Amino acid sequence: MTSFNHVTSEHLSRLTAIVTADNISTSQADIDLHARDQSFFEARPAEVVLFPTTAQQVAEVLKLANEARIPVTPWGVGTGLEGNAIPIHGGILMSFERMNKIVEVHADDFQVTVQPGIGHQDLNAELARYGLFFPPDPGANATVGGMLANNAAGIRTVKYGASKDNVLRMQVALADGRLIHVGSRSVKQSSGYDLLHLFVGSEGTLGIITEATLKLVPVPVHMSAVVAAFPSVESAVETVVAVRGSGLDPAALEFVDAAHAVMLSQSDGVDLSEHPHLFMEFHAVHETVLNDGLEMVREICDEMGAISFRATTDTAERKRLWHARHHSYEIMVRSHPDKQFFIMDVAVPISAYPELIAYVEQIKAERNIAAYLIGHAGDGNIHVELPFTPGDSYEKAMRANHDIVMKALDLGGTATGEHGVGMGKVKYMAVEHGGALDVMRAIKRTLDPNGILNPGKVLPE
Ligand SMILES: Cc1cc2nc3c(=O)[nH]c(=O)nc-3n(C[C@H](O)[C@H](O)[C@H](O)COP(=O)(O)OP(=O)(O)OC[C@H]3O[C@@H](n4cnc5c(N)ncnc54)[C@H](O)[C@@H]3O)c2cc1C
């Protein structure tokens with residue numbers, strides 16, 4: 001394991017000279033606020049929190065930290081679910097909350113250039129005036145930097161892709177203090193190694209994103225929401241495969257198990273029965289296209305034995321439904337005030353989705369585990385939410401997590417569809433990637449020879 005140095009008073013003076021006195025803090029409140037993300041991993045304090053305001057400052061801090069062997073952990077807004085932004089080796093925590101501007105809207109090119117600390121919801125609120133939006137939607141108001149670093153996805157990925165599919169160019173600060181550009185504003189790119197996508201998903205372990213040009217799409221003119229209830233998990237999950245196989249192009253296709261459906265009914269204006277449900281959304285340029293598509297979805301759901309089917313083009317109703325889905329985590333936490341939560345994330349090829357879900361249901365039943373299933377079913381991604389208390393139920397939750405990850409890998413899937421590796425999935429990297437893990441280590445050594453960038457994440461130490 002790499003050994004690091006502590007931040008001394010001399011380092012603090014030099015860091016202050018780089019970011020200015022207003023943008024550096026060693027206060028306990030700031031250290032505590034940036035010591036843990038939304039995962040269940042325990043808090044680990046940094047020694048100093050920086051709030052850089054320019055890319056140049058970021059680069060200069062990295063140069064200093066690299067020479068002094070001080071770890072640097074970037075921080076978006078701390079909504080990560082695998083401990084991705086926890087500064088486990090102390091050192092410098094670099095928060096991007098003050099680099100949160102839109103640099104330029106290139107409306108005619110359907111692009112926007114932003115600083116990394118802007119929240120994607122704040123960005124979309126600004127872009128609405130151009131009739132455009134940035135589609136990846138992880139629910140929480142995650143920052144663009146955190147989304148690109150984790151390759152976040154969410155409910156719209158089934159149609160619009162993950163963060164990696166919606167970025168064209170980035171400015172990145174390297175560990176040695178160089179500032180480079182990767183990618184270009186051209187939608188087609190065939191020049192050289194694809195460094196853009198090397199940094200996307202690297203969780204701040206290879207470089208720090210200081211600016212990004214994102215792809216945008218027009219806000220759809222016509223949208224509809226569909227909610228269908230099914231008699232069994234199997235019929236709901238088989239319907240996912242049928243809808244995907246039909247050639248329909250859902251903008252969201254979400255699976256919610258019966259227990260979760262009941263919980264979501266605590267939300268205003270949402271009334272779901274205690275059955276497995278599918279939530280879908282469709283976007284179209286013309287109402288006729290939308291209605292024809294909805295008719296097809298209804299037929300598929302009927303054939304698969306749906307016990308209720310409701311489609312709506314009413315904006316308020318659609319928003320109520322998705323609001324409940326987006327707040328499912330908070331609703332669940334409120335419903336279990338005495339518990340902690342572990343939200344696990346795996347993804348498999350769509351044809352293997354029914355087998356994966358059947359496996360989760362089987363271990364739930366056999367081991368008497370209270371777990372809730374909610375997932376971006378359209379792209380083969382499931383989250384199993386495991387409430388626990390320290391002790392026995394924690395051990396059970398961890399064992400279930402392990403077995404589900406191994407099953408997903410066995411089915412040709414991945415240990416993480418969208419939450420990233422962070423601390424929680426490090427132990428599966430060798431199983432999933434085999435010899436490719438050595439190549440990842442070699443890349444890490446080349447870009448960050450002293451291992452200062454977000455150490456302890458992605459690669460086993
Ligand atoms: C209720 C809830 C629902 C969620 N739903 C989803 C979902 O549907 N889909 C999904 O994908 N995720 C989901 N997430 C997880 C989370 O929102 C994403 O992982 C998101 O990308 C984290 O963004 P953040 O700004 O909070 O980053 P942080 O958590 O602060 O950081 C995430 C990672 O990015 C690195 N990082 C941050 N900024 C930079 C930068 N400028 N340069 C380099 N590295 C950087 C950090 O070091 C860390 O490794 C959910 C989380 C919650 C709490």
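**Group meeting: the ligand shell and the cores**

Helix H5 gives the most residues to the shell around the ligand, five of them. Helices here are DSSP runs of H or I, at least four residues, and strands are E runs of at least two, numbered from the N terminus. A word on the source: this is a predicted model, where local features need pLDDT of at least 70, side-chain atom pairs count only at pLDDT 80 or more, and totals for chains, interfaces and linings use all residues. Residues are numbered from 1 along each chain as its sequence is written.

Back to the ligand. It is surrounded by 37 residues, each with its backbone-placed C-beta atom within 6 Å. Gly 76, Gly 80, Gly 145, Gly 146 and Gly 204 are the closest. Two or more residues come from each of strand E3 (72-75), helix H5 (144-150) and strand E10 (208-215).

Now the domains, with bounds from an automatic or database assignment. There are domain 1 (9-97), domain 2 (102-218), domain 3 (222-329) and domain 4 (336-420). Where does the ligand lie? Domains 1 and 2 both give residues to its shell, so the ligand lies between them. The C-alpha centres of domain 1 and domain 3 are 42 Å apart.

Last, the largest nonpolar core. That means buried Ala, Val, Leu, Ile, Met, Phe, Trp, Tyr and Cys joined through C-beta atoms within 7 Å; buried means 20 or more other C-beta atoms within 10 Å of a residue's own, all placed from the backbone. This core has 60 residues, and Phe 255, Val 346 and Leu 373 touch the most other members. Domain 3 and domain 4 each supply at least three residues. A second, separate core holds 58 residues, including Met 99 and Leu 168.

Definitions and conventions:
A residue is buried if 20 or more other C-beta atoms lie within 10 Å of its own, exposed if 12 or fewer, and partly exposed in between; C-beta atoms are placed from the backbone.
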